[in-house]
Amino acid sequence: MQLVESSAETCRSEKIKPPRFGLRKRNLVGLLLGAMALSACNLPTFGAYRGATTQGQNEFHLWQGFIITAIFVGVITWGALFYAVFKFRRRSDQIPEQTHSNIKWELIYTIIPVLIVIGLFAATYVSENQIDSVSSHPALRVTVVGFQWGWKFEYPGGVTIIPKGSSYPTLELPQGKTTTIKLVSNDVVHGFYIPEFNFSRYALPGVTNYFDFTPTKTGSFVGRCSQLCGLYHAEMLFNVKVVSSTDFSNWLSAQQQKVTA
Ligand SMILES: [Cu+2]
């Protein structure tokens, strides 16, 4: 009887044995991946700006997608490489079994990269179309003129902002409203670049470029010329100031009154 009891005890203790480490590890990895997926907005920036406009944020998400794909490809590729190096390393002078072709694996490593490239292309196509789309009824239209060596911003009502002395011009924009920028150059090729907007576009002589900015937050940002355009290229800085839509209206009316006065 005692023997039976003790064997039952053993069975019970076997039953409540903790799960094997492998299983726990799998659960942990699943948990981590799930947490990452659920907190996608907290993914690292991978060195890019999060974007202070809806267009810039769109570009930022595309960037994140590309980097995550690259990490995925890198892990698979390096993993497979090191697995082959260690698992099939030379152990003796005996020549291993010689095989030729493996249709299944050849199809897998052809189809998956092609699908990845198609996916990246499609994501780029969709994002770039959204970023480059120009509103037919923007809240504001501003003409930006690049010249050697500065920037000029032309607002409705004859308001013109130009560099004054040693101070750089400021491009004032309303938050939450779409502004269409018309970009031209007076002389050579310049690059209209606002890092925190994740946006750069050539200012080309004889060519007019249009694009939209819809700032999502107020603040001051730095702008610069991204093309080496001559001796004082480094002086081609400007500021971007995003203010609330009311503050912007007040500022623009004040500027327009100055023009009429
Ligand atoms: Cu320039």
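Buried residues account for 25% of the 261 residues in the protein. The model is a predicted one. Its secondary structure comprises five helices and ten strands. The accessible surface amounts to about 17,700 Å². Carbon and sulfur atoms contribute 62% of that surface. Among contacts with a separation of 6 or more, 66% join residues 24 or more positions apart.

The largest nonpolar core contains 32 residues. Trp 151, Phe 153, Tyr 155, Phe 192, Phe 197, Phe 213 and Val 240 have the most contacts inside this core. Strand S10 supplies its largest share, four residues. S10 spans residues 237–243. Phe 213 was examined further, leaving aside neighbours within four places in sequence. Its contacts include two other residues named above, Phe 192 and Phe 197. Ile 181, Ile 194, Leu 173 and Phe 199 also touch Phe 213. Polar and charged side chains are on the list as well: Thr 53, Gln 55, Lys 177, Thr 178 and Thr 179 are in contact with Phe 213.

The copper ion has four donor atoms. These are ND1 of His 190, SG of Cys 225, SG of Cys 229 and SD of Met 236. The donors lie 2.2 to 2.4 Å from the ion. Angles among the donor atoms run from 88 to 126°. The site counts as tetrahedral because all angles must lie between 85 and 135 degrees for that class, and the range of 88 to 126° satisfies this. For reference, the ideal angle for four tetrahedral donors is 109.5 degrees.

In sequence, the donor residues follow the spacing H-x34-C-x3-C-x6-M. Cys 225 and Met 236 are eleven residues apart and link distant parts of the chain. Cys 225 belongs to strand S9, which covers residues 219–225. Met 236 sits in the loop between S9 and S10. Both of these donors are buried: Cys 225 has a relative accessibility of 6%, and Met 236 has a relative accessible area of 0%. Each is classed as buried because the value falls under 20%.

Three salt bridges are present in the structure. One joins Asp 93 to Arg 90, with the closest N and O atoms 2.5 Å apart. Both partners are exposed. Asp 93 has a relative accessibility of 67%, and Arg 90 has a relative accessible area of 69%. These residues count as exposed because their values are over 50%.

Another salt bridge connects the side chains of Asp 132 and Arg 201, at 3.0 Å from N to O. This pair links distant parts of the chain, with the two positions 69 residues apart in numbering. Asp 132 lies in helix H4, residues 103–132. Arg 201 lies in strand S7, residues 199–203. Both side chains belong to partly exposed residues: Asp 132 has a relative accessible area of 32%, and Arg 201 has 22%.

The remaining salt bridge is formed by Lys 152 and Glu 154, whose side chains meet at 3.3 Å, N to O. Lys 152 is partly exposed, at 24% relative accessibility. Glu 154 is also partly exposed, with a relative accessible area of 27%.

Conventions
Residues numbered from 1 in each chain as written. Predicted model: local features only at pLDDT ≥ 70, side-chain atom pairs only at ≥ 80, totals over all residues. Heavy atoms only, no water. Donors = N, O, S within 2.8 Å, 3.2 Å for Na, K, Ca; no water. Tetrahedral: all angles 85-135°; square planar, octahedral: opposite > 155°, others 65-115°. Buried < 20%, exposed > 50% of the residue type's maximum accessible area, 1.4 Å probe, protein only. Contact = heavy atoms within 4.5 Å. Areas by Shrake-Rupley, 256 points an atom, 1.4 Å probe, with all protein chains shown as cover. Core = buried A, V, L, I, M, F, W, Y, C linked by side-chain atoms within 4.5 Å. Salt bridge = Lys/Arg side-chain N within 4 Å of Asp/Glu carboxyl O.
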